[in-house]
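Biologist: I am new to this structure and would like a close look at a single part of it. Please start with one helix and the sheet it belongs with, and then lead me outward from there.

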Amino acid sequence: MSDAPKSPRLSRRALLVGGGLLVVSVGALAGPQLVSMLSAGQRPPLVPDELDSFIAIDRSGAVTAFAGVMDVGHGLTLALRQIVAEELDAPLARVAVVMGDTARTVNQGGASGSGGVQSCGMVLRSIAAEARRLLLERAAARFSVAVGDLTVADAIVSAGKRSVAYGDLVGEGYFNSKLEWNGEIGRRLQSKGQATPKSPSEYRIVGRSAPRDDLAPRVVGDFQYVTDVKVPGMLHGRMIRPPVAGAVPTSVDEASIAHLSSARIVRREGFLGVVAEREWDAIRASRELKVSWSNVESPFPPYDTLYDHIAAAPDVERTVEKSVGDVAAAFSRAARVVEARYEWPFQSHACMGPACAVVEIKNGRATVWTGTQKPHFAAEGVAAALEMPLDKVRAIWALGPGSYGRNDSGDAAIDAAFLAKAVGKPVRVQGMRHEGHGWDPKGPASVHTARAALDRNNRIIAYQILNKGFSRRDIEFNEAKLEHSLAGQLMGLPLLAAPAFSVQDEEYAFPNMELAWATIAPLLDRASPLRTAHLRDPCGPNNNFASESFFDEVALAAGADPIAFRLAHMTDERHMAVLRAAAERARWTPRRRPYRRASGGTLAGRGFAYSRGHGAIVAIIADVEVDARTGRVWPRRFTVAHECGQIINPSGLALCIEGNVVQAASRALFEEVTFDRNAVTSVDWATYPILEMPDAPEAIDIVTLDRPELPPGGAGEPATRPVAAALANAIFDATGVRLRRAPFSPARVLAALSGERRSTSPA
Amino acid sequence: MAAKVINVDGADHTLDAAPDMPLLYALRDDLGLNNPKFGCGVAQCGACMVLIGGVPTFSCVTPLADVSGPITTIAGIGEPGALHPIQQAYIDEATPQCGYCISGWMLRAVALLKEIPRPTDNDIREAFAGLKCRCGTHMAIMRAVKRAAGLAP
């Protein structure tokens, strides 16, 4: 999910957002005389080349790190605290992190691409080391000793018997120290000082499990989510979406909600909402308002033709991402060719709650409370909606009801802005369930065609995959521009689909290889319930389901064990170590054909898959049980080997991996956005089922491989990627039936099993 | 509108609200509680769960008129310093990710542990059918319930 613009599009001044911050000319502060002016009284502006933008220490010694990223539930806050505490030699308990408030943090891209530790964490590591260097410089001057004669422990600097606390070195002041900034904002922002961070051999906090100490408010119901934000005078809003995608309201019957005395209608072209003093009245108004809609042609093809549509539709763009050797020549001399096609559906973020946002406009300024992963960009979108300068808009991130990419939060923020502007009062808007499922941006459906050529020795001499689907980027991954919000599109802005997909990234060393992607046009070129944007590990599960299922199919054709066959086509020891770790942990036994181990009506099997992405290498072995009578697949056990470079918090990492695996199993086994000719029809948990407790694994056994000498990679998404293929391979092992279309729902598994019975039964 | 008295976490409140309004909105908007949550509005997820007379109940589909009996939210099963075992176990096992769903799981757990103090894995799986956790914290939930029951997770 890399999102950052290639060059900063914001002016430097525009980075100095509102919220009562002192706005001063950057030029006036530049200059060597300010370097190391610790304890200077004036707070410098919130810009990426000021240390004070990232680290603050108060008189009591409390450390605050300011991070332009979000912790959406994986414990990123704790990992960042560990990194900062480590470099500063401060007690972990005295380090706090402020996230995603545009008045207090610079734009580091938000939650994106499993980058919280990889990008923001590394920036904070460098800057915390620099803060420590400056504090020691100050202490050395105070004690008239050399910096090398100082020792630091628990935020106290000592020179022999004399000591001083960080808090006393800083006083009420600021660092006022310049950083070297690479000029980028967002994910690519890099700022660093002169100090060199610690060597991993010196670590006392990083690399060790630390307990989550931020959970108590959640378990007593005292934690404020974005849905809990209350502003004096706030009204409740609800949106009304068209029943046929693409239709716009032609008339509304105000009298139909006259009995709801506080209800008001907000309408601007296709944008239609209601507000009321009480939330229940807003909901009733949204249900009871009589609306006439324009007649539009049904936009969607029959659902059962989706994959044929994708396969047949003309390319909007086709890109060969990886090309090695001469694929055509190698196929022409193949002893055998293996071919297969795989299909992955549209999927929904389907967050626990539909998105919510609150917007207040007051005294020429606006504040948006949002659960988005991109608050800095949301501020831009709200400024555009309100036609206000960006420096008058503050976005405050508050945890939303689930967050796995560019979900419906971005749309809620812009909806709330238009509603608040129209009624002149603060407005809180939240979707209803059918909107959370039906109108959130989707992960794209795709068709994958794979071909492999084997030589006489059963080695792969050529390998070719085309990933063809809807773009993963019908809208931007943030809501900075109105054309990328549902509100903007309902007001007539077109869908600006950018052709984007991706290719596989497994580390196979085939002598001839071509990996390509192609995108087709969206089904509807304006406000569409099937518009796509990033969903956790964008295109990763689609692509890996295809390639790692296919690898097993080729191994079967070659009469080889799937893991041994993979290792035989790899050269990178770092990757091979991860595959071996999973195999050893799960006591993998070589298999060259499906086991079809049956007990009563239950078939048991195991499957393997591997992936690389977001800075991590993951190998998974799935053990499944397939009920041959019902088609139910129980993902009984997963063994996961996970290598993401340097580990910051082992216990936090394990929990993060577990969540990835369970959610990915849900996507592989259950999840599929369906539609009829007019609209999305998977609009609640009955029509868009997800994994529930009866289907949860018995165990997820995790082996993490720590590489303290390497930079940390990501963990928020990587373990999602190989789960579907591991399950498909395990189902094949159990049943002898290959599933090439996800999800592996009971109905689909049952149909595949009965197809197998038909094809193998005597005539 | 009609006056209605409800008891929430030990305190009485008089409401002036439509009798067909779901209890969820009375709790959130009239009483200003941050829990329970709106998740689906159709009793399919559990984010809105409360105990009414000790019975786990979807407040999003329970009309105010039908409420009889004291209501307990997750704020009422324990408090800082005297947490319910399931609350403590949720912390010890670092169970929540986003945590938006936890009313359903914790209150079903309270009822389960009352009925079956030492539940088996299957008891837990069955007791939680129908509840949703989108972050996929099911393994940690299982460990937390066992820990709260005094069983080795």
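Modeller: Helix α15 (residues 573–585) of chain A lies across β26 (602–613), β27, β28 and β29 of chain A, and runs at about 30° to β27(A). Contact here means heavy atoms within 4.5 Å, and the angle, on a scale from 0 to 180 degrees, is taken between the N-to-C directions of axes, which are lines fitted to C-alpha atoms, for helices over the stretch in contact. Helices (H or I, at least four residues) and strands (E, at least two) are DSSP runs numbered from the N terminus.

Before going on, please keep in mind that this is a predicted model, where local features need pLDDT of at least 70 and side-chain atom pairs count only at pLDDT 80 or more, while totals for chains, interfaces and linings use all residues. Residues are numbered from 1 along each chain as its sequence is written, chains are lettered from A and ligands numbered from 1 in the order in which they are written, and side-chain values use heavy atoms, with hydrogens and water left out.

The sheet under α15(A) is an open one of 5 strands, in the order β25-β26-β27-β28-β29 (chain A), with mixed pairing; two strands count as paired if DSSP finds at least two bridges between them. At its edges stand β25 (597–599) and β29 (699–705) of chain A, each pairing on one side only, and neighbouring strands of this sheet are turned by 20° against each other on average, direction ignored. Within the sheet, β27 (residues 616–627) and β28 (residues 633–643) of chain A are joined in the antiparallel sense over 10 bridges, and A:A619 has A:A641 in β28(A) as its bridge partner.

From this sheet we can step to a helix that comes later in the chain. Helix α17 (residues 723–735) of chain A contains A:D733, which is buried, with a relative accessible area of 5%; buried means under 20% relative accessible area, exposed over 50%, and partly exposed in between (1.4 Å probe, protein chains only). Apart from its neighbours within four places in sequence, A:D733 is in contact with A:R591, A:R593, A:P594, A:Y595, A:R596, A:A604, A:G605 and A:R606. Because 13 of the 13 residues of α17(A) are buried, the helix is largely enclosed by the rest of the structure. From its first C-alpha to its last, α17(A) reaches 18 Å with its 13 residues, close to the 18 Å expected at 1.5 Å a residue, where the expected span is 1.5 Å times one less than the number of residues. After α17(A) comes A:G736, whose phi is positive, near 75°.

Helix α13 (residues 540–558) of chain A can be read in a similar way: it has 19 residues and reaches 26 Å from first C-alpha to last, close to the 27 Å expected at 1.5 Å a residue. Of those 19 residues, 18 are buried, so α13(A) too is largely enclosed by the rest of the structure, and A:G559, which follows α13(A), has a positive phi near 65°.

Another sheet offers a second view of a helix lying across strands. In chain A, 3 strands form an open sheet in the order β1-β2-β3, again with mixed pairing. The strands β1 (55–57) and β3 (95–99) of chain A stand at its edges with a single partner strand each, so one side of each is left without a neighbour in the sheet. β1(A) and β2(A) pair in the antiparallel sense over 3 bridges and form a hairpin with 5 residues between them, where A:G61 in the turn has a positive phi of about 95°. On its other pairing, β2 (residues 63–67) of chain A runs parallel to β3(A) and is joined to it by 5 bridges, with A:F66 standing opposite A:V98 in β3(A). From β2(A), A:V63, A:A65 and A:A67 point one way and A:T64 and A:F66 the other way, and all are buried. Helix α2 (residues 76–88) of chain A lies across β1, β2 and β3 of chain A, at about 130° to β3(A).
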